[in-house]
Each structure stands twice: as structure tokens, then as C-alpha cells.
Amino acid sequence: MSWLGLSCIFITSLLSGGLAYRIRLKDMYWIRISLGFSGAYLLSVAILHLLPEVFEHEQKSISFFALGGFFIQLVIEYFSKGLEHGHIHDHNHHKGKIYTIMIGIGIHGIIEGLPLSGAGFKHHEAVQNMYAGIILHHIPSAFVLVTMLKNAHFNIKQIVFVLLLTSFAVPLGAILGKTLFQQSLSMYFDYLLAIVAGVFLHLSTTILFEAAEPDHKYRFRKFMAVCIGIAMASLISLL
Ligand SMILES: [Zn+2]
Ligand SMILES: [Zn+2]
């Protein structure tokens, strides 16, 4: 398990959220561009690393777990209101929703973190690229999360708590995954990975759609951001 990678996930997410608390952007244009970049990166990680790992498994039924992961992320978004993936809302949140948002965000982060101990991977370059993908996706997401909570007039304590939760959920998942999947549940690691692949597929495609203009068109800068995301993930996968 890479403690450096986990600390990076924690610190970058915290810093990005902290920055969002201090500054108010006129619009979210550059945030949408970095979301497009991170969405493309996550999709590439899912296709280049996670799916091949999963399909090396001899049981074909494993594909259903990937579909299951897709479905799990759908349910998570119902709770989190999309705040785990940097969903930019025009309307305010209802005050009473803070607990359901926390549940959604917490479960999302833990699931993402579970395979990060890297114990069951057949190809180790997959793990590094997963770390990179998660860091890149959490930077703009944490920024949007704090901006949205601020706009909805949540108090500072609540915002700090949710930000700490979202930053710490992935490292927590990694520690949990190391405890569970290194020994007792190691034979189920591929199934876990299939679920995470499904989560990544849902997450990345949602981010990519939302990063586009309302009519699904990609203007030049966003188009470039998506191309760079795919190119970077592909290059790192070859290292
Ligand atoms: Zn969304
Ligand atoms: Zn995430």
C-alpha cells in the first residue's frame, strides 16, 4: 500500500476544498474543464487497467459484478446528490440532506479505496494509475463540493466535517481493503475490482457528460482537456 499515494489523495482533496472555501469563482468554467480532464482520465483507467484485470478472471459471471458496481454508483448519487463527482447544481440543497450526502460520499470513497492496497492486482501499473485517477478526480470534486455546500449556507463546521469525510474516505477504504482482501477475502478480490470498475465507468461517463456544454458539445478547450486526460492515462499505463 502506498502511504505517499494515500496522503496525496487526502491532502490534495483537503487543499482544493479549503481553496474553494476561501475564494468565490465567477463561474465554474475552469472547474468544468478540469472535471472533463479527470473524467477522461478515470474512464481510461477503467478501460486500460480495471476491465482487463477483471476479464482475466475465468468465471464469466464476474461481468455481473461490474454491472453491479455501475448500479451501486447510481444509488450512491441518489444519496450524495452527485457531490462525490463534482456535480454543479443551480439550486440550493435542502438543509436536512446533510446526513444523506455524507452517507453517499463516505460509501463512494470507501469503495474507491478498497482495492488500493494493491494486494490482488495481477499487473501493478494498474495501482499507480488508479491513485493518479482518484487524485485527479477528487481535486475538482472537492472544490465543487465545498462551493455547493457554501452556496447552500451550511455552516463552517458542517463543511469542514464533510470535506474531511470525503478526503479521508478513500484512505480509510484502502486500509479496510488491506485488512480484508490481503488474507481472508483474497479470493474475492477480482469481484471487488469488477464492482470498482463498474463504479469508475458510471462515475467517469457522468463526469464527461456534465463537463460538456448543456447540449453535449465539447468546445475546443474541453475537447483538449479530454484528449490530454486520455493521453496521460495511456502514457502512464505504458510505464
Ligand atoms: Zn452529476
Ligand atoms: Zn471518488
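What is the volume of the largest pocket? Here are my notes, with that point taken up early on.

1. First, a caveat: this is a predicted model, so please read everything below in that light.

2. To the opening question: the largest pocket comes out at about 170 Å³. Its lining is made up of 14 residues, and those nearest the centre are Ser2, Gly5, Val127, Gln128 and Tyr131. Two elements, H1 and H5, each give two or more residues to that lining. H5 is the top contributor, with five. As for chemistry, the pocket lining has eight nonpolar and six polar residues, and no charged ones.

3. Now the zinc ion (ligand 1). Its donors are His85 through NE2, His87 through ND1, and Glu210, which appears twice through OE, with distances running from 1.8 to 2.6 Å. The geometry is irregular, because the angles between the four donor atoms run from 55 to 127°; a tetrahedral call would need all of them between 85 and 135 degrees. Along the chain the donor spacing reads H-x1-H-x122-E. His85 sits in the loop between helix H3 (62-80) and helix H4 (98-113), while Glu210 belongs to helix H7 (residues 189-211), so this pair ties together parts 125 residues apart in sequence.

4. It's worth looking at how those ligand 1 donors are placed relative to solvent. His85 is buried, at 1% relative accessible area. Glu210, on the other hand, is partly exposed at 26%.

5. The zinc ion (ligand 2) has its own set of protein donors: His108 (NE2), Glu112 (OE, listed twice), His137 (NE2) and His138 (NE2), at 1.9 to 2.6 Å. The sequence pattern here is H-x3-E-x24-H-H. Again distant parts of the chain are linked, with His108 in helix H4 and His137 in helix H5 (residues 125-151), 29 residues apart. His108 is buried at 1% relative accessibility, and His137 is buried at 0%.

6. On internal space, there is one cavity of 30 Å³ or more. The largest cavity holds about 30 Å³. Its lining consists of Arg32, Leu35, Gly86, His87, Ile88, Glu210 and Ala211. Helix H2 (29-55) and H7 are the elements that give two or more residues to this lining. By class, the cavity lining splits into three nonpolar, two polar and two charged residues. Note the overlap with point 3: His87 and Glu210 line this cavity and also serve as donors to the zinc ion (ligand 1).

7. Next, the packing. The largest nonpolar core has 60 residues, and the members touching the most others are Ile9, Leu50, Leu116, Phe121, Met130, Leu149 and Phe200. At least two core residues come from each of helix H1 (3-22), H2, H3, H4, H5, helix H6 (156-181) and H7. H5 gives the most, with 13 residues. So H5 turns up as top contributor both to this core and to the pocket lining, and helix H5 also carries the zinc donor His137.

8. One last item, from helix H8 (residues 220-238), which is where Ile230 is found. Ile230 is partly exposed, with a relative accessible area of 41%. The C-alpha atoms of Ile230 and Gly39 are 9.2 Å apart in space, although the two residues are separated by 191 residues in sequence.

Definitions and conventions
Residues are numbered from 1 along each chain as its sequence is written. Chains are lettered from A and ligands numbered from 1 in the order in which they are written. This is a predicted model: local features need pLDDT of at least 70, side-chain atom pairs count only at pLDDT 80 or more; totals for chains, interfaces and linings use all residues. Side-chain values use heavy atoms; hydrogens and water are left out. Donors are N, O and S atoms within 2.8 Å of the metal (3.2 Å for Na, K and Ca); water is not among the atoms, so sites may look incomplete. Four donors count as tetrahedral if all angles lie between 85 and 135 degrees; four count as square planar and six as octahedral if opposite donors are over 155 degrees apart and all others between 65 and 115; anything else is irregular. Helices (H or I, at least four residues) and strands (E, at least two) are DSSP runs, numbered from the N terminus. Buried means under 20% relative accessible area, exposed over 50%, partly exposed in between (1.4 Å probe, protein chains only). On a 1 Å grid over the protein atoms alone, a cavity is a set of points where a 1.4 Å probe fits but cannot get out, and a pocket is an open set with protein on both sides within 12 Å along at least five of seven lines; lining residues have an atom within 4 Å of a point. Grid points are joined across faces, edges and corners, and a volume is the space filled by probe spheres set on the points. Ala, Val, Leu, Ile, Met, Phe, Trp, Tyr, Cys and Pro count as nonpolar, Asp, Glu, Lys and Arg as charged, and the others, Gly among them, as polar. A nonpolar core is a set of buried Ala, Val, Leu, Ile, Met, Phe, Trp, Tyr and Cys residues joined through side-chain atoms within 4.5 Å.
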